[in-house]
Amino acid sequence: MSTVPGLGAETEELAREAEEAEASHERDDQRAGRSPGQIAWERLKKDKVAVVCSIVVLFFILVAIFAPLLTSLQTVDPVTGVKADPYAVHPELVDLNGFPKEGITSSHWLGVEKGIGRDLFARWTYGARPSLIIGFVAAALSTVIGVTMGLVGGYLGGVIDRAISWVVDFFLSLPFLLVVIAATPIIELRFGARGSLTAEQTSNIRFWLIISLLVIFGWMGLARLVRGEVVSLREREFVQAARAIGVPTRHVLFKEILPNLVGPIIVSASIAVPAYITAEATLSFLGAGLVEPTASWGRTIADAQNSFQSYPLWLWPPVIGISLLVLALSLLGDSIRDAFDPTTRR
Amino acid sequence: MLTYILRRLGLAITVMLATLVSAFLLFFAGPADPAQAMCPEQKCTAARLAQIRESLGLDRPLPVQFAEYFKGLFVGRDIPFGGDTIHCSAPCLGMSFLTNRPVSEEIFSRFPATVLLTAGVVVVMVTVGVTIGVLASTVRGTALDRILIGGSQVFGAIPYYVLALIFALYTTRFYSILPQAGSISDGVIQFLPGLIAPWIILGLVSATGYTRYTRNSMLDSLSMDYVRTARSKGISERKVVGKHALRAALSPIVTILGLDIAALLSGTLVTERIFEIDGIGKLSLDALGRDDLPIILGTVLVTAAIVVTMNLIVDIAYSFVDPRVRLS
């Protein structure tokens, strides 16, 4: 029998499962009354990947918060006579072909931008800000909308449910990137961009516009998930009991049903953050995202790609930044999902 | 069965209509002055603005404009343009203000490049994804399994455009290992070599999801009784995995594939930009750079139509395979 590899493994596994089941019975006796959130937190703390990823994410959050401090650690530039600043243009730092006169110096840790001589280290540290803000704000807002829509549709049923389901289907069938690209210039014009507004104001409009568009196109998945859960929870005894004693609908939704959905909501939000950061960087790279003068990794990558052969130092820091941040957030999201999922066995 | 198909069809039609109406409203009622937005020049003269307004029929009420646009989609319409009238035939999506050609013509001339790109990507994606997924499922729990699945997880988590950009820079520009993309107007044979690099990178990145689907699906079917029966009859492990288990594991993968092709068709934007392929994605991005809104609107509508149609086909095909779908 042992010549068949699958069967040997299967028997071993059965034995292990039985052991695990016994062990978990013993554990259950000691740990009565722990919420799924607490169990997930325990599992997450033991997950090495999750710990490492959290440290990486924390590093980028600190970089974003202390961007001005980090930038000021660079020494005063002997040519310009001032400390580096993410927005100051210094054409005197580049030669006639636009190439920086010097590479890495103590006053420019990552060199200066080709053509206009802005400090790349400052651009890099400040560039972490829009990525993180957009990622977390968009994830928070779309989670709120998705949960509300799912709760209302699933609990009320009928016409409202069908209407919400239709809207979900509608948004899911739109090509997200294309629609955002098409809508951006139009909506921007509505707010008067390109006319009397300064570059900073236009850049700010773009920033909030991107967050809004990401939220508008990002809430459907969670709404569907929550609706499905609510439809089954609605028929459970504790909800019927609450309704029978006259608890108002709002209370039933948010105090009785919502706490049961904490797991899937946290999982969905944690997976949404890296997705939004990627979307922002992709849009900025394609020219429909953030615009100058806001420092953005996606924009720097788009600017630097054509000079890659002659000046790779321009491209690599934002590439590494965005890749590492999104990778860490995605793997953390996967770990959180596994931690909430009682069926996963590593 | 018929009710389900009709309901699904009704949904597809209403979604498509809503897309059309909202795109139209966004386009014609959105900005303060659509003529200004559509003006290809930086500083638009009053005469040019008037010309654009007239050719768009912006002086007429909105419902009339919409009826005209809607009619153009199905039977074509005549567009007054710079003094004379141009006939825009059946799927009429307006005129590009930069090339003065009908939008539909522009889109359909770019279609083959995008379809060829997507087709190659699907081949690479399915071959690599299913092969690695099956391999990982047969060695589950070993170091190789962890390397394959962990690797695909890491590879899939890095933003795609960053990977594609670095890959493109190193293989086609820095070292010229792979040919750069040409123009499809030179003929399909000359055009295909330039697609090798995008096929590889987009195929590999898209395969990461399939690797995990296939592995999970294979683990499910490998634990079935009929697989045990097949093994107990002494059939070789290769046949058990390749013929008995894989066949059952493939059906959920095929479903996801149907939905993914639609997403891929619209998601080749980044690839076309990075590898300079003259497809629909590059068309819309170029149009964005020049504020050529009729082109952008046209590509949105065409892509949405493709996505809706593919979803419809997959849903109806699936309802034949799995009767449970019809009930929900």
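Trainee: Which residue follows H4(B), and what sign does its phi have?

Mentor: Gly76(B) comes right after H4(B), and its phi is positive, near 85°. Before we go on: this is a predicted model, where local features need pLDDT of at least 70, side-chain atom pairs count only at pLDDT 80 or more, and totals for chains, interfaces and linings use all residues. Residues are numbered from 1 along each chain as its sequence is written, while chains are lettered from A and ligands numbered from 1 in the order in which they are written.

Trainee: How do you know that the span of helix H4 of chain B agrees with what is expected?

Mentor: Helices are DSSP runs of H or I with at least four residues, strands are runs of E with at least two, and both are numbered from the N terminus. The expected span is 1.5 Å times one less than the number of residues. For the 14 residues of H4(B), 62-75, that gives 20 Å, and the end C-alpha atoms are 20 Å apart, so the two agree.

Trainee: What about helix H5 of chain A: how far does it reach, and what follows it?

Mentor: H5(A), residues 120-156, has 37 residues and reaches 54 Å from its first C-alpha to its last, close to the 54 Å expected. Gly157(A) follows H5(A), with a positive phi near 65°.

Trainee: What makes H5(A) mostly covered?

Mentor: A residue is buried if 20 or more other C-beta atoms lie within 10 Å of its own, exposed if 12 or fewer, and partly exposed in between, with C-beta atoms placed from the backbone. In H5(A), 26 of the 37 residues are buried.

Trainee: Why is Ile256(B) called partly exposed?

Mentor: Ile256(B) has 14 other C-beta atoms within 10 Å, so it falls in the in-between class. Ile256(B) sits in helix H11 of chain B, residues 237-266. Its C-alpha is 8.9 Å from that of Val314(B), though the two are 58 residues apart in sequence.

Trainee: How many residues of each chain are in contact across the two chains?

Mentor: Contact needs C-beta atoms, placed from the backbone, within 7 Å. By that rule, 44 residues of chain B are in contact with 39 residues of chain A. H14(B) gives the largest share of chain B's side, 9 residues.

Trainee: How does that side divide into nonpolar, polar and charged?

Mentor: Ala, Val, Leu, Ile, Met, Phe, Trp, Tyr, Cys and Pro count as nonpolar, Asp, Glu, Lys and Arg as charged, and the others, Gly among them, as polar. The side of chain B that touches chain A has 29 nonpolar, 10 polar and 5 charged residues.
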